[in-house]
Amino acid sequence: FQSRYYVGVTGANLYVSKDKIDWDIIEIGSGVTNQKAICYFGKDGDYNLFVSIGYDGHSVTYRLNSEGFVNYTVQDIEFPNDFFAISTDGIKIFAISSEFTIFTKPSVSEYWFETYTNLTQQTDIVYGNGVFIVISNSGESAILYPNEINWRKYDLPKDNENYEMNWSKISYGDGKFVIVSNTGDDEPTTA
């Protein structure tokens, strides 16, 4: 939910709702077939901007006004076609696949660029409290701090028997990061 909209993507469709009950379904077309993640990017005049990314080698920028969907633009990404998570600080947009991390600055460039987290098996990305964090199944995370260009690598917590966890999701809210593992019966970890 962002700027009075609930939005989602799957396949070639954008879903938009103002009340979580009635949903408008907009088919994108233009070769877009497998969008996996979407994030709110900010305002452009009277329009709210959302950006999605997916397995099909495209990113899509959607412009919505107070009446709902207005238009979209499709951009080819010249990287492997398996991106599944996206996050933004309102200036840069980062997207990840299991092995690659890319970013763009829509206000400056129409291209995506690669950045190196030095992680394998990446599973999620989030922005919060001024930093981007990428987590991985390999038991590590990478953090990009403000005004830095290099990611810093950190170990994630292990289970009670000192085994690496399969960290799958990270979220930020109320001043805390919450990381969830799909291994065992462990409680979510906050940092």
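Strands here are DSSP runs of at least two residues, numbered from the N terminus. I keep to that meaning of strand in each entry, and I note at the outset that the model is predicted.

**Entry: Glu164**

I looked up where Glu164 sits. I found Glu164 in the loop between strand E15 (152-155) and strand E16 (167-173). Its relative accessible area is 47%, so I put Glu164 down as partly exposed. Setting aside residues up to four places away in sequence, I listed what Glu164 touches: Ser138, Gly139 and Lys158. I also took a distance from Glu164 to Phe50, which is 114 residues away along the chain; their C-alpha atoms are 35 Å apart.

**Entry: hairpin of E1 and E2**

I started at the N-terminal strands. Strand E1 covers residues 6-10 and strand E2 covers residues 13-17, and I count five bridges between them, in the antiparallel sense. Within this pair, I find Gly8 opposite Tyr15 of E2. Two residues lie between the strands of this hairpin, and Gly11 has a positive phi near 60°.

**Entry: strand E6 and its partners**

Which strands pair with E6? On one side I have strand E5 (residues 47-54), antiparallel to E6 over six bridges. I also have strand E7 (residues 68-76), antiparallel to E6 over eight bridges. In the pair with E5, Leu64 of E6 is the bridge partner of Asn48. In the pair with E7, I see Asp76 opposite His58.

Both pairs are hairpins, and I checked the turns. The one joining E5 and E6 has three residues between the strands, with Gly57 in the turn at a positive phi of about 80°. The one joining E6 and E7 has two residues between the strands.

I then went through three residues of E6.

His58 belongs to E6, which runs over residues 58-65. I get a relative accessibility of 10% for His58, and it is called buried because the limit is under 20%. The side chain of His58 makes a polar contact of 3.0 Å with the side chain of Asp76, the residue I had already noted opposite His58 in E7. Leaving out neighbours within four places in sequence, I count among the contacts of His58 Ser30, Gly31, Val32 and Gln35, as well as Ser52, Ile53, Val74 and Gln75.

Ser59 is also in E6. I read 1% relative accessibility for Ser59, so I list it as buried. What does the side chain of Ser59 make a polar contact with? I found the side chain of Trp112, at 3.3 Å. Apart from neighbours within four places in sequence, Ser59 is in contact with Trp112, with Ser52 and Ile53, and with Thr73, Val74, Gln75 and Ile77.

Asn65 lies in E6 as well. Is Asn65 buried or partly exposed? I get 23% relative accessibility, which means partly exposed. With neighbours within four places in sequence left out, I list its contacts as Tyr5, Asp46, Tyr47 and Val70. From Asn65 to Val180, 115 residues apart along the chain, I get 35 Å between the C-alpha atoms.

**Entry: Lys43**

I looked up Lys43, which is in strand E4 (residues 35-44). At 52% relative accessibility I call Lys43 exposed, since the cut-off is over 50%. Lys43 and Leu64 are 21 residues apart along the chain, and I find their C-alpha atoms separated by 9.5 Å. Leu64 is the E6 residue I had noted as the bridge partner of Asn48.

**Entry: positive phi outside glycine**

I noted two residues with a positive phi that are not glycine. The first note is for Gln121, with a phi of about 55°. I place Gln121 in the loop between strand E11 (113-115) and strand E12 (122-128). Its relative accessible area is 40%, so Gln121 is partly exposed.

The next note is for Asn129, with a positive phi of about 50°. I place Asn129 in the loop between E12 and strand E13 (131-136). At 60% relative accessibility I put Asn129 down as exposed.

**Entry: second largest pocket**

Last, I looked at the second largest pocket, for which I have a volume of about 190 Å³. Its lining has 13 residues, and I wrote down those closest to the centre: Asp89, Lys92, Tyr145, Pro146 and Asn147. By type, I have seven nonpolar, four charged and two polar residues in the lining of this pocket.

How values were computed. Residues numbered from 1 in each chain as written. Predicted model: local features only at pLDDT ≥ 70, side-chain atom pairs only at ≥ 80, totals over all residues. Heavy atoms only, no water. 1 Å grid on protein atoms, 1.4 Å probe; cavity = no way out; pocket = protein on both sides within 12 Å on 5 of 7 lines; lining within 4 Å. Points joined across faces, edges and corners; volume = space filled by probe spheres on them. Nonpolar A, V, L, I, M, F, W, Y, C, P; charged D, E, K, R; others polar. Helix = DSSP H or I, 4+ residues; strand = E, 2+ residues; numbered from the N terminus. Buried < 20%, exposed > 50% of the residue type's maximum accessible area, 1.4 Å probe, protein only. Polar contact = N/O pair within 3.5 Å; in protein donor to acceptor, adjacent residues only side chain to side chain. Contact = heavy atoms within 4.5 Å. Pairing = 2+ DSSP bridges.
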